[in-house]
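Please open the model in your viewer and keep the sequence panel beside it. The tour below proceeds by selections, each followed by what is to be found there.

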Amino acid sequence: MNLSQPLQQKIWQWRGVVVAVPSVSLLVILLRWLGLMQGWELAVYDQFLRLRPAEPRDERVAIVGMTEQDYRNLGRVIIPDGMYAEVIEKLKAQNPRVIGLDDYRDFPIEPGTAELIEQFETTPNLIGIRKVAGKSELETIGPPPALAERNQVGANDVIVDADGVVRRALINMKTEDTGLIPTLSMFVAAKYLEAEGQGISIVPDSDDWWQLGDVPLRPFQRYDGGYIRTDDGGYQILLNYRGGVRAFDWLSFSDVLEGRMPEGWATDRVIFLGAIGDSARDLFMTPYGNSLVGSPQPMPGVEVHAHMASQLLSAALDGRPLIRSASEPVEMAWIVLWTAVGAVTVWLLRHTDQNRWGAVRMWGVCGGAIALLVGTSYLALVYAWWIPVVPPFLGFLGAAVSITAYVARTAGEIRRTFGRYLTAEVVASLLESPEGLKMGGERRKITILTSDLRGFTALSERLPPEEVVKILNFYLSYMADIISQYQGTIDEFMGDGILVLFGAPTQREDDPQRAIACGIAMQRSMAEINQQIEAWGLPKLEMGIGINTGEVVVGNIGSEKRTKYGVVGSQVNLTYRIESYTTGGQLLISESTLQGANAEIHIDDQMEVMPKGVKNPITIYAVGGIGAPYHLELPREVEHYFPLAKPLTVQYTILDGKHISTTQTAGELWQISEKGAVIRLATDAVCPEPLNNLKLAVLDLPDNPAGSDDIYGKVIQSPKAEPGSFYLLFTARPPAVLTVFERMYKFAKMDA
């Protein structure tokens, strides 16, 4: 056995997934690498941050801010040195652990410069700022000289993304004059932690990573999270905000200067000084400022530094995690995973019923998968892991759409090849097999059902073609719905006949059982069909059904230009023979079907027959019903025969298939029922065998209606038959003849 064949078959069965996953994944990864998804990913990241559960206020950090009211009271926008000196003096009285001055004081701003310099020289826990980043002296700003002499200066540079939002923060920066200096938030956090017995150290075996206590500060890299080739110069980390504007305790300058600062308010705290009014124009957009509803709400720069300092303190003292992201290979694997989920989901559901609810089911499952992706990424961010959402979502969607398009195109090609009769199940089977579109077949044991309308050929000859087509379409649509309900495959419509397969293309253990239940359901539906037929003023229809189980060859039959999915074999012919023995409303099955049904089958009668082409007699069974799980019964009609006051002279010939014998036999019709009659031979001729089909001519039928020589019937077996007579069920009677027979039956019944 070639071991590669099972592998090839498996690859073919999953060919849509095998092709879609790598191709869509590569496309999405390429688009991501080009940066086309960065804006969407950052927007989703911002939204997730806003949706996180609210965090408690960090009481270690507070802000004294210059408000708009303070500017109005001052009468100017630039804060004089003396005001800062007075505020610092009052704060020092409450022993804050560290003060961060977020305002440039590289040159004097009178009045009060001397007092401020004195505060700089006498406050070892006061940290000033300078602007380091810039290409010229016009873009950089120096530190307060008095604080620079004491190495009490940090950088207050802020990183703004291309969309104007601050999502990252700096830990330290390199300067040309002093070398490496910490940022303002890093400096004040380190000062605070000194009192806690923790300091800054270098992570062992790292590229000079800093750590606060036991917490390493992993530097931001250019592909972290949703960023693509972003400038990662300097020592950056992702900023884990605690919330939006006014997330910290704060007082205005006026509150401090006018004695409204509560006792002990600043004690052991990190106090940031700076402008919080709009006039200072020191405002930045943050993920919390760009909400989906409402106007943007920028955050003062001093509060951005407060968030950064709080993040560092919380990480070192509370175990609050810094925002992390997976490596680039892991993120690519994440994209491939969700692309595969989209492809596999749609591939598995591709043969869902092609109706509205089937589509709802498919896209409902896809919606659930997308919700799982979004929910997983959101929960990850709650626990400080930034997992991309947009690329895997587009991978999922792209794979789902490509699989759907592929299946639709392939199914369309198959339907164009095999015709409109092809069922969704046949399409599924052909799609699953790499040999599906090739000529040939396979030997398989299946159950075959054939049905035929009794006397419809004679009826159709008397009706306009339009009426015949209308009747057939109505009848066949009813039958097709029932067959589909029992998972049968309609192989052919042949005029008023139907050929149905159970076990091809999909084989199931209960094929014989479902075939019998389907046949019963088809017979039961004839009552509804005949209601409409009679409403059209036409005679009732009667159907016979034969079912057989046996080995046949199933597959694609025909030529390269015209092909059909079908079955061939002697068992198909035998099924037609069995069906030919039926009378209207009857369901006959072979012994192989009865044995294979493995269910409670109610048998009304059995008979031994010798069909043409069979060497030995076979037993066929008249089904009356089926038990669990279907619980279906055929309508039981008992024929009551009544003698005629005057027998009618008849002549009959035996039909051999579609051929009429030239030998006529005389007799008389002396008993009548609603659907049949008893014929008594006029000579010593031999009675026809049960199940023989006859054509009768009634020579003296009252009123001599048209068609009295065009009556068809089937000989039935009856223990009541007397020697020289036989029972007959009519299979076709012209309308005028039927009217006379109904009148004769009514009078015979009244006279009995």
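A salt bridge here is a side-chain nitrogen of Lys or Arg within 4 Å of a carboxyl oxygen of Asp or Glu. With that criterion in mind, and remembering that this is a predicted model, select R514 and D510, which form a salt bridge whose closest N and O atoms are 3.0 Å apart. The two partners differ in their cover, for R514 is buried at a relative accessible area of 3%, whereas D510 is partly exposed at 27%.

Next, select R167 together with D161, another salt bridge, in which the closest N and O atoms lie 2.8 Å apart. Here R167 has a relative accessible area of 1% and is buried, and D161, with 7%, is buried as well. These values count as buried because the term covers anything under 20% relative accessible area.

The third pair to select is D710 and K695, a salt bridge with its closest N and O atoms 3.9 Å apart. This pair links distant parts of the chain, since K695 sits in strand 30 (693-698) and D710 in the loop between strand 30 and strand 31 (711-716), with their positions 15 residues apart in the numbering. K695 itself is partly exposed, its relative accessible area being 23%. If you now extend the selection to D46, D161, D163, R167 and R168, you will have a single network, joined by salt bridges that share partners. Across the structure as a whole, 35 salt bridges are found.

Stay with the loop between strand 30 and strand 31 and select D703, which is located there. Although D703 is not a glycine, its phi is positive, at about 70 degrees, and at 64% relative accessibility the residue counts as exposed. A second backbone of this kind can be inspected at N151, likewise not a glycine, where phi is positive at about 55 degrees. N151 belongs to the loop between helix 7 (145-149) and strand 4 (153-155), and with 61% relative accessibility it counts as exposed.

For the cis peptide bonds, select first A628 and P629, between which omega is near 0 degrees; P629 is in the loop between strand 24 (618-626) and strand 25 (632-633). Then move to E110 and P111, whose connecting peptide bond is also cis, again with omega near 0 degrees, and where P111 occupies the loop between strand 2 (98-101) and helix 6.

E110 leads on to the surface, where E89, E110, E115, E118 and E121 gather in a patch of negative charge. Which helix gives the most to the negative patch? Helix 6 (residues 113-122) does, with 3 residues. One residue to select in helix 6 is E115, which is partly exposed at a relative accessible area of 44%.

Now select helix 5 (residues 81-92), whose 12 residues should span 16 Å at 1.5 Å a residue, in agreement with the 16 Å between its end C-alpha atoms. Colour its buried residues, which are D81, M83, Y84, A85, V87, I88 and L91.

The final stop is a nonpolar surface patch of about 360 Å², made by L7, I11, V18 and V19. Helix 1 (4-13) and helix 2 (15-33) each supply at least two residues of this patch. V18, which lies in helix 2, counts as partly exposed at 43% relative accessibility.

Conventions:
Residues numbered from 1 in each chain as written. Predicted model: local features only at pLDDT ≥ 70, side-chain atom pairs only at ≥ 80, totals over all residues. Heavy atoms only, no water. Patch = residues over 30% accessible without salt bridge, like charges linked within 9 Å, V, L, I, M, F, W, Y side chains within 5 Å. Areas by Shrake-Rupley, 256 points an atom, 1.4 Å probe, with all protein chains shown as cover. Lys, Arg positive; Asp, Glu negative; His and termini not counted. Charge placed at Lys NZ, Arg CZ, Asp CG, Glu CD. Helix = DSSP H or I, 4+ residues; strand = E, 2+ residues; numbered from the N terminus. Buried < 20%, exposed > 50% of the residue type's maximum accessible area, 1.4 Å probe, protein only. Expected span 1.5 Å × (residues − 1).
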